[in-house]
Amino acid sequence: MAEEATNGGAQPSGDVVFDPQEEAPKVEAEPKKPEVKEVEEIDSDIEFVSEMTFTVDMRDELKDEEMKPDDLDDHERLPKEHEAWPQLFPPANASAQLRHDTEKAAAVAMQAGDFTGAINVYTEAMRSGGSNPQMLCTRSALLLKMKRPCAAIRDCTAALKINNHMVKAYRLRGMAHRRLGHWKKSYRDLTEAQQLKFDPDTSEMHKLVAGKLGVTLTGPKGNQAEPKRSKARESRSPPVRMSVPDPIIPEIHFPPPVAAPEQPLEKGQAVILVGLQKAPQLNGRRGVIEREDPRPASKGRWEVEIRLDHGMLEVKSIKRENIQTLNKVDREACKAWAKAEKAHKETRETREQQEEIQKYRNVVEAKLSKLSLTEKAKNLLRTLGPEQSLSVLDRCEGPAVTNVSDFVITQAKLLLGQDSDSDGEPDAKKARSEV
């Protein structure tokens, strides 16, 4: 369990873990060899190159604290998530251009409601440019919005390992601990953040957390007197700061992205409807692209076959901005979509079968109303399947049938596997057999 927490809770045990603070073992000097990345060969035409990672110890940070009686009524409390944490990479000072491009791409994803895509944008940026405390904080804020407090805490802890004066990392980690009910850790981080740089928007949460611990905040800004710092901490020189501004947390604000062309849609593509104002009941509904609306007045719209309740389908013309495509990287979302589509298809097939049977029954009832049949003949017909009943009724309309009720009873019993001479035998035939 300890090993799992140390490696982020979801990193494979076979990953190469790099800790820049760990002292390398002393060995005899050897001639330097050219560095070669290790390649794992698998039975496919894809090669996976193993990468060095940056790790933080999360065992103490994620230890549960004792629950208080009123914690059961805390509606803002979140459970610990089970999703894999985003990967960490060795720290580096990312270029301003990389951060600018990353923010633009993330803003486009967020405008489409794709927070998972925005998280992936920051992960890929750090894969190429190295872990950066500002990017880690922004990704942490996105993770917390996705109700993933443990992953958010891990990213903040990693940011503080690079820069232990990162105000936003303390503030956001304190907020994430509050959502987990870790009142002591939340108070520790929020107090540190408020002492480094007071934020009026955080003061209410700070007071709430302090109240849970029975602490009364004092001072002109509602902060408790600053605790004495250890000499070891005072003697530490502050790390060199990155030459880029901190992200705005907890609310995420990106610069308005440059208008980017919409991604082209394809027939049969799986989508989800979002942001509909006049038909909000369709938001979150799954659909499949049929085609681009050909009508000149509907330029920019697409015909989408929408999945409704009870296996129903309906084609509607939807604006491109209200159509969200599935991110292929998000495998869990793709699996959930496919599972829901399978259940919808089964429901639709069951409903269509029932509707077909009801159509036959309606035709049978219509024919029965035009024929003079005994109740026994009618009941036997209704015992048969609708298609069999209709077949018997079609044959009894011929000129060779003199007694329609007898004919229907005989045919129905044959189809039901009963003896046609028993119980339903005509009286005239019974009399002849007795003689």
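This dialogue shows how several features of a predicted model may be read.

Reader: Where should one begin with the sheet, and in what order do its strands lie?

Author: One begins with the pairing of the strands. In this structure, five strands form an open sheet with antiparallel pairing, and their order is E8-E7-E6-E5-E9. E8 and strand E9 (323-325) are the edge strands, since each pairs on one side only. From one strand to the next, the twist averages 45 degrees.

Reader: How many bridges join E7 to strand E8, and how many join strand E6 to E7?

Author: Each pair of strands is read by its bridges. Seven bridges join E7 to strand E8 (residues 313-319), and these two run antiparallel. Strand E6 (residues 286-292) is joined to E7 by five bridges, again in an antiparallel arrangement.

Reader: Which residues are bridge partners across these strands?

Author: A bridge sets one residue opposite another. Between E7 and E8, Ile 306 has Glu 314 as its bridge partner, and Glu 305 has Val 315. Between E6 and E7, Ile 289 is partnered by Val 304, while Arg 291 stands opposite Glu 303.

Reader: Is strand E7 mostly covered or mostly uncovered?

Author: For this one considers each residue's accessible area. Of the seven residues in strand E7 (residues 301-307), six are buried, and the strand is therefore mostly covered. Glu 303 lies in this strand. With a relative accessible area of 16%, Glu 303 falls under the 20% limit and so counts as buried.

Reader: Which residues does Glu 303 touch?

Author: One leaves aside residues up to four places away in sequence. Beyond them, Glu 303 touches Val 288, Ile 289, Glu 290, Arg 291, Asp 293, Pro 294, Val 315, Lys 316 and Ser 317. One of these, Lys 316, is 13 residues from Glu 303 in sequence, yet the two are 5.5 Å apart in space, C-alpha to C-alpha.

Reader: Which helix lies across the strands?

Author: A helix may be described by the strands it crosses and by its angle to one of them. Helix H10 (residues 331-370) lies across strand E5 (270-273), E6, E7 and E8. H10 runs at about 85 degrees to E6.

Reader: Which residue in the hairpin of E7 and E8 takes a positive phi?

Author: Phi is a backbone angle, and its sign is the point to read here. The hairpin has five residues between its strands, and His 310 among them takes a positive phi near 60 degrees. His 310 is not a glycine. Is His 310 buried or exposed? Its relative accessible area is 65%, over the 50% limit, so His 310 is exposed.

Reader: Where does Lys 147 lie, and what is its phi?

Author: Lys 147 is in the loop between helix H4 (133-145) and helix H5 (149-162). Although Lys 147 is not a glycine, its phi is positive, at about 60 degrees. Lys 147 counts as exposed because its relative accessibility is 54%, which is over 50%.

Reader: How is the packing of H7 and H8 to be read: at what angle do they pack, and how far apart are their axes?

Author: Two helices are described by the angle and the distance between their axes. Helix H7 (residues 183-196) and helix H8 (residues 200-212) pack at about 140 degrees, and their axes are 9 Å apart. H7 is therefore oblique to H8, and the crossing is left-handed.

Reader: Which residues of H7 meet H8, and of what kinds are the residues in the contact?

Author: From H7 come Trp 183, Ser 186, Tyr 187, Leu 190, Thr 191 and Gln 194. They meet Thr 202, Ser 203, Met 205, His 206, Val 209, Ala 210 and Lys 212 in H8. The residues of this contact divide into six nonpolar, six polar and one charged.

Reader: Is Ser 405 buried or exposed, and which residues does it touch?

Author: Ser 405 is found in helix H13 (residues 404-416). Since its relative accessibility is 8%, under the 20% limit, Ser 405 counts as buried. Residues up to four places away in sequence not being counted, Ser 405 touches Ser 372, Leu 373, Thr 374 and Ala 377.

Technical notes. Residues are numbered from 1 along each chain as its sequence is written. This is a predicted model: local features need pLDDT of at least 70, side-chain atom pairs count only at pLDDT 80 or more; totals for chains, interfaces and linings use all residues. Side-chain values use heavy atoms; hydrogens and water are left out. Buried means under 20% relative accessible area, exposed over 50%, partly exposed in between (1.4 Å probe, protein chains only). Helices (H or I, at least four residues) and strands (E, at least two) are DSSP runs, numbered from the N terminus. Two strands pair if DSSP finds at least two bridges between them. Contact means heavy atoms within 4.5 Å. Axes are lines fitted to C-alpha atoms, for helices over the stretch in contact, and angles run from 0 to 180 degrees between N-to-C directions. Angles under 35 degrees count as roughly parallel, over 145 as roughly antiparallel, 65 to 115 as roughly perpendicular and the rest as oblique. A crossing is left-handed if the near helix is turned anticlockwise from the far one by less than a right angle, and right-handed if clockwise. Ala, Val, Leu, Ile, Met, Phe, Trp, Tyr, Cys and Pro count as nonpolar, Asp, Glu, Lys and Arg as charged, and the others, Gly among them, as polar.
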